[in-house]
Amino acid sequence: TQLTKIKFTDPGAIYLISYIPDGVAAVEQIYELGLNKTILATSAINSIEDAFKPLGQIAEGLIISDLSDTTTQEFRDRYTSIYGKEWPGQSSCASVAYDDIVLIAESIKSVSMDTEKIKNFLYYVRNFSGVSGPITFDKNGDLDREHIIFIVENGRPKPVE
């Protein structure tokens with residue numbers, strides 16, 4: 001229904017905010033509806049195995065914004081050891097989720113369970129050595145880390161210069 005409504009507005013591009021199963025379905029439906037528009041997507045769909053291979057040729061040209069993957073080798077190795085498969089990349093959210101839990105636990109230890117104090121604690125996190133890489137939050141509470149723009153070519157995300 002949403003895509004049919006979008007089709008009649010004739011947008012210049014479509015910004016897709018979705019996890020892989022719904023994102024793959026949406027890209028397929030966009031193609032089936034003949035919406036020949038540039039598709040911009042979030043990091044959640046940045047997966048060769050789970051998104052680009054199933055989509056095949058229609059994945060070509062997808063533009064994706066993602067964080068640079070600065071996950072430590074130790075964490076990648078632990079992931080491989082536990083799950084028996086290669087590190088799937090930053091978009092798996094495994095390293096970021098791990099760091100989230102560690103930071104929340106650190107804040108609770110430092111300032112109690114008071115949510116306002118936890119929020120203020122996190123605002124002042126600078127260069128925390130996380131498994132996903134160094135973590136600093138800016139004055140708005142946003143992660144201060146470089147994002148990279150990728151375009152899917154030959155079934156693989158390639159950084160846009």
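Start at Ser-129 of this predicted model. At 69% relative accessibility, Ser-129 counts as exposed, because the cut-off for that class is over 50%. Ser-129 sits in strand β4, residues 128-130. Now add Val-96 to the selection and draw a C-alpha distance. The two residues are 33 places apart along the chain, and their C-alpha atoms are separated by 12 Å.

**Along the chain to Ser-132**

Next, select Ser-132. This residue belongs to the loop between β4 and β5, the latter covering 133-135. Is Ser-132 buried or exposed? Ser-132 is buried, with a relative accessible area of 2%. Show its surroundings. Leaving aside residues up to four places away in sequence, Ser-132 touches Thr-70, Thr-71, Gln-90, Ser-95, Val-96, Asp-99 and Arg-145. Val-96 is the residue you paired with Ser-129 a moment ago. Keep Ser-95 in mind too, since it returns in a helix contact below.

**Two asparagines with positive phi**

Go to Asn-127. Look for it in the loop between α6 (115-123) and β4. Check its backbone: phi is positive, about 55°, although Asn-127 is not a glycine. Asn-127 counts as exposed, at 60% relative accessibility.

Then select Asn-154. Here the loop runs between β6 (147-153) and β7 (156-159). Phi of Asn-154 is near 55°, again a positive value in a residue other than glycine. At 66% relative accessibility, Asn-154 counts as exposed.

**Zoom out**

Show the whole chain as a cartoon. There are six helices and seven strands. What is their order from the N terminus on? The elements run α-β-α-β-α-β-α-α-α-β-β-β-β. Along its principal axes, the C-alpha trace spans about 55 × 35 × 30 Å.

Switch to a surface. The chain exposes about 10,200 Å², and carbon and sulfur atoms supply 53% of that area. Of the 161 residues, 32% count as buried. A contact map is worth opening as well. Among contacts between residues at least 6 apart in sequence, 51% join residues at least 24 apart.

**Helix pairs**

Three helix pairs come next. Two packed helices are described by the angle between their axes and the distance between the axes.

*α4 with α5.* Select residues 73-83 for α4. Add residues 94-111 for α5. The pair packs at an angle of about 110°, with axes 11 Å apart. Angles of 65 to 115 degrees count as roughly perpendicular, and α4 and α5 therefore fall in that class. Which residues make the contact? From α4 come Phe-75, Arg-78 and Tyr-79; from α5 come Ala-94, Ser-95 and Tyr-98. Sorted by class, the residues of this contact are four nonpolar, one polar and one charged. Ser-95 also touches the buried Ser-132.

*α5 with α6.* Keep α5 and swap α4 for α6. The axes of α5 and α6 come within 9 Å and cross at roughly 115°. The crossing is right-handed. Colour the α5 side: Leu-103, Glu-106, Ser-107, Ile-108, Ser-110 and Val-111. These meet Lys-117, Ile-118, Phe-121 and Leu-122 in α6. By class, the contact has six nonpolar, two polar and two charged residues.

*α2 with α3.* Clear the selection. Take residues 20-32 for α2 and residues 48-55 for α3. Their axes come within 10 Å and cross at roughly 15°. How are the two helices oriented, roughly parallel or roughly antiparallel? Angles under 35 degrees count as roughly parallel, so α2 and α3 are roughly parallel to each other. α2 passes α3 in a right-handed crossing. On the α2 side, show Ile-20, Val-24, Val-27 and Glu-28. Their partners in α3 are Asp-50, Ala-51 and Leu-55. The contact has five nonpolar, no polar and two charged residues.

**Last stop: Glu-28**

Stay with Glu-28, in helix α2. Buried, partly exposed or exposed: which class holds Glu-28? At 30% relative accessibility, Glu-28 counts as partly exposed, because that class lies between the 20% and 50% cut-offs. Residues up to four places away in sequence aside, Glu-28 touches Leu-55 and Ile-58. Leu-55 is one of the α3 residues in the helix contact you just coloured. Finally, draw a distance from Glu-28 to Pro-54. The two are 26 residues apart along the chain, and their C-alpha atoms are separated by 9.9 Å.

Definitions and conventions: Residues are numbered from 1 along each chain as its sequence is written. This is a predicted model: local features need pLDDT of at least 70, side-chain atom pairs count only at pLDDT 80 or more; totals for chains, interfaces and linings use all residues. Side-chain values use heavy atoms; hydrogens and water are left out. Axes are lines fitted to C-alpha atoms, for helices over the stretch in contact, and angles run from 0 to 180 degrees between N-to-C directions. Helices (H or I, at least four residues) and strands (E, at least two) are DSSP runs, numbered from the N terminus. Angles under 35 degrees count as roughly parallel, over 145 as roughly antiparallel, 65 to 115 as roughly perpendicular and the rest as oblique. A crossing is left-handed if the near helix is turned anticlockwise from the far one by less than a right angle, and right-handed if clockwise. Contact means heavy atoms within 4.5 Å. Ala, Val, Leu, Ile, Met, Phe, Trp, Tyr, Cys and Pro count as nonpolar, Asp, Glu, Lys and Arg as charged, and the others, Gly among them, as polar. Buried means under 20% relative accessible area, exposed over 50%, partly exposed in between (1.4 Å probe, protein chains only). Accessible areas come from the Shrake-Rupley method with a 1.4 Å probe; for residues, only the protein chains shown count as cover.
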